[in-house]
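This briefing sets out what can be read from the fold of one protein chain. Please keep the sequence and the structure in view while working through the points.

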Amino acid sequence: DERTKELLEFLIEPVKTLRLACTVYGVRYPDHAKRALEDAGIHYAGWLPNFKAPEIFSKHRFTAHIPRGPYVTSLPGIPTIRPFEALACGIPLLSSPWNDAENLFTPGEDFIIAENGSDMKTWMQKIVSGDDFVNDLTRHGLQTIWARHTCSQRVDELYLICEQLGMKNLTKNIPV
C-alpha cells in the first residue's frame, strides 16, 4: 500500500490505456492491488530472484521503475538494484520521479524519468513503436554501467573508503 497511487498512475493506467502485455514482479502486493493489476490485464508473477532478472528482462521491451515512497522521500538519491540490473541488461528503463542525488546516471540519456502518468504513457508508446531513441538510450545506459557501476569498481571504492578510515592491509586479513 506504500505506493498504490504511484502504481496506478505510472503503470496500471498507462498499460491499461495502451493495452500492453505486461508482467509485474514483486512482493507484498495486497489483494486489492493484485485485482487492480488483473483488471488492467497485467500478469502478476510474484517474487523475482535477482539472478533471474537478466532472463526476464531479455523477454520484455522495457521495464518501469516505480520506487516506493520511503525511497523517494526518506532515502533520496538511493535507487534499488533494479535500475542497475535493467541498464546492465540493455533494456530501456522508464522511471517515476526520483532524485539521483549522487549523479549515478544521466536521466534522458541512460533512462527516462516520466513526470506523471501521461508522460509515462507517451514514453511507453514511443518504446513499443520502435522509436529511434531506444537504441541510443540502451547503448548509453550500458556504457554508463560499464564505465561506473561494475562490481570491481564497487570493490575498489570499498577499499578506498576503508583506507580513508585508517584500515590498512585489508587483503592480508582475508582468508583464501
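In this predicted model, C89 has a relative accessibility of 33%, which places it between the buried limit of 20% and the exposed limit of 50%, so it counts as partly exposed. C162, by contrast, is buried, because its relative accessible area of 13% falls under 20%. The structure contains zero disulfides.

**Overall architecture**

- The chain is built from eight helices and five strands.
- From the N terminus onward, these elements follow the pattern α-β-α-β-α-β-α-α-β-β-α-α-α.
- Of the 176 residues in the chain, 38% are buried.
- When contacts between residues at least 6 apart in sequence are considered, 62% of them join residues at least 24 apart.

**Nonpolar cores**

- The largest nonpolar core has 25 residues, and the members that touch the most others are L11, V15, V24, I42, L94, M124 and F133.
- At least two residues of this core come from each of α1 (4-18), β1 (22-25), α2 (31-39), α6 (117-128) and α7 (133-148).
- The greatest contribution to this core is that of α1, which gives five residues.
- A second core, separate from the largest one, comprises 14 residues, among them L48, A53, F57 and W98.

**Surroundings of L94, H65 and I127**

- Residues up to four places away in sequence being left out, L94 touches F62, T63, A64, H65, I112, M120, W123, M124 and I127.
- H65 belongs to strand β3, which spans residues 63-65.
- With a relative accessibility of 8%, H65 is under the 20% limit and therefore counts as buried.
- Beyond four places in sequence, the residues in contact with H65 are T80, P83, L93, L94, S95, S96 and W98.
- I127 is located in helix α6, and its relative accessibility of 2% means that it counts as buried.
- Apart from neighbours within four places in sequence, I127 contacts R61, F62, P92, L94, F133 and V134.
- I127 and L93 are 34 residues apart along the chain, and their C-alpha atoms are separated by 10.0 Å.

**Packing of α1 against α6**

- The axes of these two helices, α1 and α6, come within 9 Å and cross at roughly 50°.
- This angle lies between the 35 degrees below which axes count as roughly parallel and the 65 degrees at which roughly perpendicular begins, so α1 is oblique to α6.
- The crossing of α1 past α6 is right-handed.
- On the α1 side, the contact is made by E9, F10, L11, P14, V15, T17 and L18.
- On the α6 side, the contributing residues are G117, M120, K121, M124 and Q125.
- Within this contact, L11 and V15 of α1 face a partner helix that supplies M124, and L11, V15 and M124 are among the residues that touch the most other members of the largest core.

**Positive phi angles in loops**

- R19 is not a glycine, yet it has a positive phi of about 55°.
- The loop between α1 and β1 holds R19, and R19 counts as exposed because its relative accessibility is 77%, over the 50% limit.
- R28, likewise a residue other than glycine, has a positive phi near 60°.
- The position of R28 is in the loop between β1 and α2, and its relative accessibility of 65% means that R28 counts as exposed.

Note on methods:
Residues are numbered from 1 along each chain as its sequence is written. This is a predicted model: local features need pLDDT of at least 70, side-chain atom pairs count only at pLDDT 80 or more; totals for chains, interfaces and linings use all residues. Side-chain values use heavy atoms; hydrogens and water are left out. A nonpolar core is a set of buried Ala, Val, Leu, Ile, Met, Phe, Trp, Tyr and Cys residues joined through side-chain atoms within 4.5 Å. Buried means under 20% relative accessible area, exposed over 50%, partly exposed in between (1.4 Å probe, protein chains only). Helices (H or I, at least four residues) and strands (E, at least two) are DSSP runs, numbered from the N terminus. Contact means heavy atoms within 4.5 Å. A disulfide is a pair of cysteine sulfur atoms within 2.5 Å. Axes are lines fitted to C-alpha atoms, for helices over the stretch in contact, and angles run from 0 to 180 degrees between N-to-C directions. Angles under 35 degrees count as roughly parallel, over 145 as roughly antiparallel, 65 to 115 as roughly perpendicular and the rest as oblique. A crossing is left-handed if the near helix is turned anticlockwise from the far one by less than a right angle, and right-handed if clockwise.
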